[in-house]
Structures are given as C-alpha cells and as structure tokens.
Amino acid sequence: MSNIPAPTFSTCDFCDAYKNDDSGSFRVLPPVFRDFGGLTQFSGPISTVQCHEDNSLVKAALDTPGEGRVLVVDGGSSLRRALVGGNLAAAAARNGWAGVVVDGCVRDVAELSASAVGIRALANMPLPTEKRGQGLRDVAVRIQGVWVRPGDWLYADADGIVIHTTALP
Ligand SMILES: O=C([O-])CC(=O)C(=O)O
C-alpha cells in the first residue's frame with residue numbers, strides 16, 4: 001500500500017481530449033519549467049503577477065488567502081533574481097495557495113521542496129530581488145509565448161502544465 005494519493009487528473013488525458021481544439025481555450029505551456037515544490041500535482045483558478053526582478057507583489061499576493069488558486073508570475077524569464085524563496089513558499093502553503101508558477105527563478109530549494117504547495121520555475125538562483133513595490137496584479141500575461149489570464153484554470157502534473165479558460169472535468 002502506498003500513501004501517495006491517486007492523481008485526480010492527467011495533463012496527458014487533457015491533451016488527448018483537446019489536442020484538436022483550435023479555439024484557443026486550451027493551451028499547453030512549453031516544457032521549460034522545473035518542479036521545485038512539495039506537491040508535483042496541483043490545479044486551480046489563476047491569479048497573476050507581472051514583475052521584473054522585484055517580488056513585492058508576489059509576496060503581497062502569497063500573504064493573502066489563496067483559496068485554492070494558482071499564482072502565475074510573469075517575471076519576464078529573468079534568470080538574474082529569485083522571485084520566490086522559502087518564506088514565500090511557506091506563506092503560500094499556509095495561506096491555501098495550490099501552487100506558484102514562476103517564469104523566472106526561485107531560491108531556497110530545500111525549503112521549497114518541503115512546502116506543501118506546487119512550485120514550478122525555470123531555474124534556481126540564490127540572489128534575491130530588490131523590493132521596490134513595482135509590478136502589476138491580475139493582468140493578462142504571456143508566459144513563454146502563451147497567454148495566461150486571471151480566472152483561467154491551470155493544471156500541473158509530472159507531465160506538464162496546461163491552461164483552460166474554465167475548469168476541466
Ligand atoms: O523574500 C524574498 O525575496 C524571497 C525569499 O527569499 C523568501 O521567500 O524566503
């Protein structure tokens with residue numbers, strides 16, 4: 001007997017069902033994200049932050065109730081600063097965020113993997129940001145060329161990350 005809970009969805013099954021959908025409702029993120037969190041599988045409605053080497057708004061978001069949402073952070077793919085670290089990951093888990101997807105870097109990888117939250121990012125980078133209070137919250141963002149909008153649903157598992165405009169069955 002294993003203590004690992006059975007997956008409740010499969011991104012491969014979603015892709016089988018939607019691969020011919022050309023409406024734009026179903027999108028697949030390019031396979032450039034690494035898994036850093038304590039949860040490999042997560043899903044939820046999306047909230048977004050857009051920022052550049054300043055994680056002030058990421059911290060502000062993760063310090064509020066997540067209510068099962070996934071925070072998608074458009075960090076412009078910068079590899080120069082970490083937008084999420086151990087403290088923010090712990091806050092995300094404590095406040096009920098399902099996951100955080102960062103188009104950018106993270107740090108404190110041991111703490112991230114010990115946090116009960118999904119965390120995907122491009123890479124790890126030990127340098128933190130300068131907090132200047134700059135960025136945008138809940139705007140449409142382009143992640144690796146794919147539009148992601150607040151209120152879209154995100155599904156992540158070991159095979160990848162997919163987005164749909166509504167919750168998938
Ligand atoms: O606060 C930061 O900039 C990120 C960080 O190191 C943490 O979340 O622990």
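User: Which residue stands opposite His164 in β12?

Analyst: That's Trp153. Quick heads-up: this is a predicted model, where local features need pLDDT of at least 70, side-chain atom pairs count only at pLDDT 80 or more, and totals for chains, interfaces and linings use all residues. Residues are numbered from 1 along each chain as its sequence is written.

User: What makes β11 and β12 a pair?

Analyst: Two strands pair if DSSP finds at least two bridges between them. Five bridges join β11 (residues 153-157) to β12, so they pair. They run antiparallel, and a hairpin joins them through two residues.

User: Why is β1 also called a partner of β12?

Analyst: Three bridges join β1 (residues 26-28) to β12 (residues 160-164), so the cut-off is met. These strands run antiparallel too. Val28, for example, has Val162 in β12 as its bridge partner.

User: What makes 86-94 a helix and 82-84 a strand?

Analyst: Helices are DSSP runs of H or I with at least four residues, strands are runs of E with at least two, and both are numbered from the N terminus. That's how α3 (86-94) and β5 (82-84) get their names, and each supplies at least two residues of the shell around the ligand. α3 gives the most, with three.

User: How do you know that Asn55 belongs around the ligand?

Analyst: A residue is near a molecule or strand if its C-beta atom, placed from the backbone, lies within 6 Å of it. Asn55 is among the residues surrounding the ligand, as are Arg107 and Asp108.

User: How confident is the model?

Analyst: pLDDT is the predictor's confidence in each residue, from 0 to 100. The chain's mean is 96, and 96% of its residues reach 70 or more.
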